[in-house]
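Open the model in a viewer and keep the selection panel at hand. The stops below are meant to be taken in order.

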Amino acid sequence: MSFRKVVRQSKFRHVFGQPVKNDQCYEDIRVSRVTWDSTFCAVNPKFLAVIVEASGGGAFLVLPLSKTGRIDKAYPTVCGHTGPVLDIDWCPHNDEVIASGSEDCTVMVWQIPENGLAAPLTEPVVVLEGHTKRVGIITWHPTARNVLLSAGCDNVVLIWNVGTAEELYRLDSLHPDLIYNVSWNRSGSLFCSACKDKSVRIIDPRRGTLVAEREKAHEGARPMRAIFLADGKVFTTGFSRMSERQLALWDPENLKEPMALQELDSSNGALLPFYDPDTSVVYVCGKGDSSIRYFEITDEPPYIHFLNTFTSKEPQRGMGSMPKRGLEVSKCEIARFYKLHERKCEPIVMTVPRKSDLFQDDLYPDTAGPEAALEAEEWVSGRDADPILISLREAYVPSKQRDLKVSRRNVLSDSRPTVAPGSARPGASTSAASTITTTPSSSLAGARDAGKLEEVMQELQTLRTLVKEQGERIGRLEEQLSRMENGDA
């Protein structure tokens, strides 16, 4: 009789989430109350952006990550839209550029000053007008510079070249109903979308063609999400016919049946998936939930492996995820989320517990860096490229505790007994002097530990004899040298 292994081995099994202390939160932020299933939050290694309530238009807050604590009500915002902002996204190739989509049917791209906002920002770098209804989805191309995708409630997907402010592609016949979300694949050659007609579509934007489609990916009528994984598979979240929340994994080559399907619970909030391609972990946050569940995606059945749940008391209004290059590598941090409450933003750190504080190669494979692999024109001409990877080893800074250990060890190993003045006769060689002074001291140290005083005394006697002989030999050599100089020899 064979016994199945109950616990699956995984280095991410013990990942634990921890909210930061209160003084590291961002307090007194009036998070937007717009009824739209957006994350309302975007973050990169320099700035945190949050869509906020604004009277007479739309605005979002951009804060340097270091500006924690209470945020003044008069703090400047980015406020050029005439309708509420629905979605924001930081450019992956420039940490100071952010795009926003709004109910005023426009997409705007903003350049944030290096040190953050000193005054309200009302002038965008570029305004992209092409949608006839509100723009609810904004996402940058992962590898091509200045390529931006927007999707609106007019069921149209537009792809822009931000550098020239021109419309590259208009896909207006592929979605018969409201688009819930859009996700690029790793190289940006395709994107997948989830639609209100319950279909998941894989689309080639440059040809304007449908590559694959799965109708009724989830039977329920509530919003779904679809994201591309690094290996080309598609991960979806949605609802069953009985309004139970579901996760599913699909192979684009065969969308007839899901590779894996899991039911979670019965709740109303749409599930927002956040995917880390380096660790193959998907974090699922439900709007209005107070928990973050995380799953590992593997190549062997059952493919989706539940890892753990982070729970807190407050429900989340939205969520932002820090790119890998913005994490603290020295603390084994593999993800950091920025959870929006009604009046504040709370960072939550996901950590893999490790005893060693050396750089952990297995947790941090090379990750996508800020350099674009293609120019917009190259991508339009048909070229594809994977992200340019960088090593996070350079970002590794040992913790203070480790620095202290190293310095203490160095101090001990470099401490040598000093030679007392006059301990060696004039003219005696340096090596002889060092032998004379260091050996007894090391022997004495050993003798104290061993408690063998007699042996030490004998050793000292031997050394004294040796010193005496060396002294006499040096004397004879000096005498011979003086004879040769005087011509007597």
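The tour of this predicted model goes through a hairpin, a residue in a strand and a pocket.

**Stop one: the hairpin**

Select residues 157-161, which are strand 14, together with residues 166-171, which are strand 15. The two strands pair in the antiparallel sense, with five bridges between them. To find one of the bridge partners, pick asparagine 161: its partner in strand 15 is glutamate 166. Next, display the turn. Four residues lie between the two strands of this hairpin, and alanine 165, in the turn, has a positive phi of about 60°.

**Stop two: alanine 212**

Move to strand 19, residues 209-214, and select alanine 212 within that strand. Is alanine 212 buried or exposed? Its relative accessibility is 13%, below the 20% cut-off, so alanine 212 counts as buried. Now show its surroundings. Beyond the neighbours within four places in sequence, alanine 212 has contacts with Val200, Arg201 and Ile202, and also with Pro252 and Leu255. Add asparagine 254 to the selection: this residue is 42 residues away from alanine 212 along the chain, yet their C-alpha atoms are 8.7 Å apart.

**Stop three: the largest pocket**

Select Val20, Gln24, Glu328, Lys331 and Val349, the lining residues that lie nearest the centre of the largest pocket. The full lining comprises 20 residues, and the pocket holds about 620 Å³ of space. Which elements give two or more residues to this lining? They are strand 1 (16-19), strand 29 (333-340) and strand 30 (344-351). Colour the lining by class to see eight nonpolar, six polar and six charged residues.

Note on methods:
Residues numbered from 1 in each chain as written. Predicted model: local features only at pLDDT ≥ 70, side-chain atom pairs only at ≥ 80, totals over all residues. Heavy atoms only, no water. Pairing = 2+ DSSP bridges. 1 Å grid on protein atoms, 1.4 Å probe; cavity = no way out; pocket = protein on both sides within 12 Å on 5 of 7 lines; lining within 4 Å. Points joined across faces, edges and corners; volume = space filled by probe spheres on them. Nonpolar A, V, L, I, M, F, W, Y, C, P; charged D, E, K, R; others polar. Buried < 20%, exposed > 50% of the residue type's maximum accessible area, 1.4 Å probe, protein only. Contact = heavy atoms within 4.5 Å.
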